[in-house]
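Colleague: I'd like to go through this model with you, one spot at a time. Could you show it to me and then take my questions?

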Amino acid sequence: MEYSRLFTPLDLGFTQLSNRFVMGSIHTGLEDNLKHIDRLTEYFAERARGGVGLIVTGGYSPNLLGKLSPFGSTFTSLKMVRAHQTLTKAVHAHGSKICLQLLHAGRYSYHPFSVAPSRIKSPITPFTPFAMAGWYVKKTIRDFAQAAIYASQAGYDGVEIMGSEGYLIHQFLSARTNLRSDEWGGTFEKRSRFALEIVRAVREALGPNSIIIFRLSVLDLVEGGATREEVFSLAREIEKAGATLLNSGIGWHEARIPTIASMVPHAAFTSITAELRQHVKIPVVATNRINDPETAEKILADGQADLISMARPFLADPHFVNKAKNNQAMRINPCIACNQACLDNIFQNKLASCMVNPTACLEDEWKITFSKRSSAPKNIAVVGAGPAGLNAALVLLRMGHEVTVHEKAGTLGGQFMLAALIPGKKDYARSIEHWHSEIVRLGGKVLLNSELNPDSDTARKYDHVVVATGVLPRQPKIPGDHLPHVFMYDRFLREGIAPANTVAIIGAGGIGIDVATAIYQFGSDTDENSKNFFAHWGINPAEKSGLIAGFKHKKSGRTVTLLQRKKAPMGSTLGKTTGWIHRQELKHQGVTYLNDLTYEEITSEGVWIKPTQGERRFITAQQVIICAGQLSENSLVEKLKRAGIQHSLIGGARLAGELDAVRAIQDAFELAKSEF
Ligand code: NAP
Ligand code: SF4
């Protein structure tokens with residue numbers, strides 16, 4: 001497919017964007033310390049090399065108090081200017097434009113000196129902010145303008161002013177967080193003044209030939225948020241104040257509605273950007289859950305937006321744009337919106353990377369590794385076609401080896417394919433298709449229904465075998481577990497077994513929670529359908545804040561009891577940025593969660609448990625699903641040893657404890673560093 005609209009340049013009057021792709025702002029942690037400046041430079045240079053038209057950096061505060069965290073980034077000194085000059089040059093060398101994002105966190109700052117329009121604590125940070133005095137409001141506006149000047153001196157093509165997602169400017173805009181009675185609060189006009197004065201001050205500071213993007217919240221998704229008339233009137237005023245582009249922000253960070261997680265359908269919110277486009281003359285940017293060129297092209301073809309912003313998809317594949325341009329969409333490594341190695345890392349104070357691309361944010365290091373092709377290519381077998389095995393095959397092919405993948409099952413993907421069967425995780429299947437097609441393109445072979453026998457002539461032909469045989473579901477020995485209504489989770493998902501009305505789930509880790517979600521959503525279709533997704537979460541863009549007042553979730557009518565032996569809160573092992581969605585969903589559905597117990601027996605009517613505190617009790621269940629973790633399946637290793645065949649062990653087959661796909665794929669990439 002040709003993406004003619006995506007590759008039509010955009011003339012901004014004083015400058016031109018080579019295509020309609022914007023790499024949206026995503027905080028990687030590399031911004032927070034100048035010691036990472038070379039890594040940050042290579043990270044952006046690689047995306048520019050990959051063809052993106054306009055890059056927006058992670059957020060930099062215009063002053064000290066606006067930092068996201070005590071060690072967060074600011075853009076307030078000539079030292080920053082000098083350090084970033086190399087970065088902007090590297091990006092410009094590949095024909096891309098780059099804007100620095102100015103983000104004042106306001107009450108979302110994770111430090112005790114945070115400031116905000118009013119002294120109201122946010123529900124997602126522990127610190128109560130200080131209310132800004134009038135003189136300090138004016139100083140902050142000047143700080144935005146000064147930071148923009150520094151950005152321009154550093155070679156940036158302009159700035160993005162972060163006015164959405166619940167950060168300081170948004171806090172001024174909203175009656176929810178702005179209770180002031182001076183000239184910065186009260187009516188919507190007065191609450192808008194801070195945002196508009198910042199845009200005017202930045203325009204005056206930069207002159208007419210710099211890009212100013214304003215990220216405007218088109219849908220607040222919190223009570224007390226803006227009406228759509230307020231959003232559109234503000235957009236017109238921001239245009240008059242001098243903005244070049246309007247980016248779409250969706251939801252405050254404290255909103256309890258998913259906006260970027262995998263269960264959000266692709267391009268779910270672009271219809272609201274389309275409405276915004278009717279109210280302004282400057283180009284508008286569509287965002288959120290756009291991760292493939294077809295969807296992006298369609299948004300432009302439908303006249304919904306002028307530019308498409310993606311952030312995480314550029315972590316997953318820095319060469320996304322050039323692959324689309326060369327009509328090689330299948331070569332794009334898709335972002336699956338898992339958040340597991342990007343945003344979840346950031347929330348744990350680690351640097352961001354990407355589950356499906358462990359080289360993200362480490363481009364400089366991996367470039368050296370991948371530049372060393374093997375001087376003595378080997379004939380290598382990879383056994384197992386889960387995420388570890390398929391990525392191992394890819395890495396080894398890139399190193400110049402000959403590779404054959406043997407998969408015992410009739411399908412590819414292992415645990416990843418099971419994940420793809422969970423509602424909201426369909427993109428996982430796209431990763432498997434992508435890995436497979438890349439292996440074939442690079443000359444590798446993939447054999448299904450093929451078990452490698454270490455004593456066979458076939459095995460002896462290989463110089464090396466990579467064992468990526470994954471995991472087997474753990475079968476706890478509970479009396480009655482052989483009964484016909486008891487299912488291991490893999491069979492339950494693979495065979496698409498219809499859930500009964502009452503179900504007990506033994507094990508409440510990541511998979512137990514996923515299975516509970518699958519049971520509640522069985523037969524409904526919130527995937528890939530914005531209308532159903534909006535109906536499920538009570539979203540109506542026409543309502544104030546975009547929320548249906550007094551909305552109650554539709555219940556599935558099934559009764560699910562989640563059981564776990566240890567004393568831990570429900571879903572405590574889930575990712576920081578997505579765990580709340582699963583917990584909230586299960587609570588809405590009325591799941592019963594019981595922990596701190598032992599299992600005594602499964603009968604045809606349910607499960608006998610013994611709580612640590614209290615009497616044994618019976619949980620009624622017409623079906624029992626076992627999700628009790630994993631055991632490594634590495635029986636091949638002993639046989640290879642006996643046959644004297646060189647081998648390595650990766651992924652779940654190496655370590656099943658707390659197995660996750662991030663580690664499995666990381667293991668596969670590490671093979672590139674080994675000498676065999
Ligand atoms: P897990 O998260 O480690 O959970 C295993 C569950 O089995 C726990 O509830 C554990 O609790 C229970 N269990 C362990 N041994 C048992 C035994 N002998 N008898 C009964 N229960 C037992 O593993 P998983 O659920 O299989 O998930 C695999 C990996 O994929 C994990 O790393 C997980 O984080 C990841 N994953 C993540 C997500 C997500 O973030 N959304 C979704 C799916 C999978 P007790 O031992 O206390 O009973
Ligand atoms: Fe996308 Fe997951 Fe990679 Fe983040 S870690 S960029 S969400 S694939």
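Modeller: Sure, and one term to begin with: on a 1 Å grid over the protein atoms alone, a cavity is a set of points where a 1.4 Å probe fits but cannot get out, a pocket is an open set with protein on both sides within 12 Å along at least five of seven lines, and lining residues have an atom within 4 Å of a point. This is a predicted model, where local features need pLDDT of at least 70 and side-chain atom pairs 80 or more, while totals for chains, interfaces and linings use all residues. Residues are numbered from 1 along each chain as its sequence is written, chains are lettered from A and ligands numbered from 1 in the order in which they are written, and side-chain values use heavy atoms, with hydrogens and water left out.

Colleague: Which residues lie nearest the centre of the largest cavity?

Modeller: The lining has 14 residues, and by class these are eleven nonpolar, two polar and one charged. (Ala, Val, Leu, Ile, Met, Phe, Trp, Tyr, Cys and Pro count as nonpolar, Asp, Glu, Lys and Arg as charged, and the others, Gly among them, as polar.) Nearest the centre are Cys-335, Cys-338, Cys-342, Cys-354 and Met-355.

Colleague: Where does ligand 2 sit?

Modeller: Its shell (residues with a heavy atom within 4 Å) includes Arg-312, Cys-335, Asn-339 and Met-355. By class, that shell has ten nonpolar, one polar and one charged residues. Sitting in a space takes more than half of the molecule's atoms within 2 Å of its grid points, and for ligand 2 that space is the largest cavity.

Colleague: Is Asn-247 buried or exposed?

Modeller: Asn-247 belongs to strand β10, residues 245–250 (strands are DSSP E runs of at least two residues, helices H or I runs of at least four, numbered from the N terminus). Its side chain makes a polar contact with that of Glu-160 at 3.0 Å; such a contact is a pair of N or O atoms within 3.5 Å, and within protein one must be able to donate a hydrogen and the other to accept it, with sequence neighbours counting only if both atoms are side-chain atoms. With buried meaning under 20% relative accessible area, exposed over 50% and partly exposed in between (1.4 Å probe, protein chains only), Asn-247 at 3% is buried.

Colleague: And Ser-371, buried or exposed?

Modeller: Ser-371 is in helix α12. Its relative accessible area is 55%, so Ser-371 counts as exposed.
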